[in-house]
Amino acid sequence: MNKITITRPDDWHLHLRDGEHMRAVLPDTVRRFARAIVMPNLKPPVTTAALASQYRERIRVALPAGAGFEPLMTLYLTDNTRPEEIAKARQSGIVHAVKYYPAGATTHSDSGVTDLACCYGVLEAMEAWGMPLLVHGEVTDPGVDVFDREKVFLERVLAPLVGRFTKLRVVVEHITTREAVRFVLATPARVAATITAHHLLLNRNALFAGGVRPHHYCLPVLKREEHRQALIEAAMSGNPKFFLGTDSAPHARHTKETDCGCAGIYTAHAGIELYAEAFAAAGALDRLEGFASRFGADFYRLPYNRGSVTLAQDGWGVPDEIAFGGDKLVPFRAGATIGWKIV
Ligand code: DOR
Ligand code: ZN
């Protein structure tokens, strides 16, 4: 199979940023995806339905003419989020989920949750309103090895959470380990996971190939090959609990190539092509459409998209850098080739 047509896909985990940075990256996503779950980790974070609505308007104004693209907004959970905000968010019709960052876990997470017990009232409201909780699943305990932080989070935080809130709908975002795959498989249908293209394509050796590679640094960090294999198996299993979320996270080149570089990999310029490459390499292209265009919509209780995208096996060169407002960013596979393209 060297060509495939699928229903227009969605990206269930995307960082669009704001202002000139948002305007620079938005066309890459719009060209490929009909909808995207837009992460709320702006500075300051998107913590209310009112802020989400304003952010959505800024995105809509920036859309290329005639783009049939819908930004699906999220709220950033803090220790101070009020249960009433969940009702407002649901009634707004534009907020589709709430994102839980443990404070300090990743980029712009300093306003995140310090103690989940502060949020029990909000979580009850989310159960009542059927509002999904999107989880950045890593502990922040500096005593825990950085490669174990997801696994430990599942044991210490997520298992008790899913057990306590028995109706809460949860997406474990950007899973990176065999343990996370097992966790999701062992939970009821209300618990699902997104998987990025970069975690399907790279293992942690990519961080140190010939030297330190800041453009392969993201959180959760890349893991061993055995974990990559587990993710491939999950993504290509046809199990609707696993669906596409690029976690495309643009950062200006100078903020990554520095003594304390930001976490995040930019993949939106090839947001569906990279998945086609990974699925084709595993001989599972026939499973791409479910993963990219159906299972996420089912989980979020949204209709399937109309229209389609055709992908063909045909190599194309990725530029060394991409304009990013007044800055530049280094995209995934910069200066190298991607094996699939949109036709
Ligand atoms: O690598 C990452 N980048 N992981 C995250 O969780 C956040 C993201 C970002 O916003 O840059
Ligand atoms: Zn993310």
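These legends describe close-up views of a predicted model.

**View 1. Surroundings of ligand 1.** Ligand 1 is surrounded by 13 residues, and R17, N41, T106, L219 and H251 are the closest of them. Two histidine side chains place a polar atom by an oxygen atom of the ligand: for H251 the separation is 2.7 Å, and for H136 it is 3.2 Å. The backbone also takes part, with a polar backbone atom of G264 lying 3.2 Å from an oxygen atom of ligand 1.

**View 2. The largest cavity.** Three cavities of 30 Å³ or more are counted in the protein. The largest encloses about 130 Å³. Its lining consists of 18 residues, and those nearest the centre are H15, T106, L219, D247 and A249. Sorted by class, the lining comprises nine polar, six nonpolar and three charged residues. T106 and L219, named here among the residues nearest the cavity centre, also belong to the closest residues around ligand 1.

**View 3. The second largest cavity.** This cavity has a volume of about 50 Å³. Its lining is formed by H215, the run A249, P250 and H251, then K256, G264, I265 and Y266, and finally L329 and V330. Six of these residues are nonpolar, three are polar and one is charged. H251 and G264 are part of this lining; a polar side-chain atom of H251 lies 2.7 Å from an oxygen atom of ligand 1, and a polar backbone atom of G264 lies 3.2 Å from one.

**View 4. The largest pocket.** The largest pocket holds about 250 Å³ of space. Of its 13 lining residues, R17, D18, H21, H108 and P250 lie nearest the centre. The lining is made up of six polar, four nonpolar and three charged residues. R17 is also one of the closest residues to ligand 1, and P250 also lines the second largest cavity.

**View 5. The second largest pocket.** About 220 Å³ is the volume of this pocket. Residues L202, V212, R213, P214, H215 and H216 line it together with V330, P331, F332, R333 and A334. By class, seven lining residues are nonpolar, two are polar and two are charged. H215 and V330 line this pocket and are also found in the lining of the second largest cavity.

**View 6. Helix α3 and its cover.** Helix α3 spans residues 83–92, and its buried residues are E85, I86, A87 and A89. The elements covering these buried residues include helices α2 (49–62) and α4 (120–129) and strands β4 (70–76) and β5 (95–100). Just after the helix, G93 adopts a positive phi of about 75°.

Note on methods
Residues are numbered from 1 along each chain as its sequence is written. Chains are lettered from A and ligands numbered from 1 in the order in which they are written. This is a predicted model: local features need pLDDT of at least 70, side-chain atom pairs count only at pLDDT 80 or more; totals for chains, interfaces and linings use all residues. Side-chain values use heavy atoms; hydrogens and water are left out. Buried means under 20% relative accessible area, exposed over 50%, partly exposed in between (1.4 Å probe, protein chains only). Helices (H or I, at least four residues) and strands (E, at least two) are DSSP runs, numbered from the N terminus. Contact means heavy atoms within 4.5 Å. On a 1 Å grid over the protein atoms alone, a cavity is a set of points where a 1.4 Å probe fits but cannot get out, and a pocket is an open set with protein on both sides within 12 Å along at least five of seven lines; lining residues have an atom within 4 Å of a point. Grid points are joined across faces, edges and corners, and a volume is the space filled by probe spheres set on the points. Ala, Val, Leu, Ile, Met, Phe, Trp, Tyr, Cys and Pro count as nonpolar, Asp, Glu, Lys and Arg as charged, and the others, Gly among them, as polar. A residue is near a molecule or strand if one of its heavy atoms lies within 4 Å of it. A polar contact is a pair of N or O atoms within 3.5 Å; within protein, one must be able to donate a hydrogen and the other to accept it, and residues adjacent in sequence count only if both atoms are side-chain atoms.
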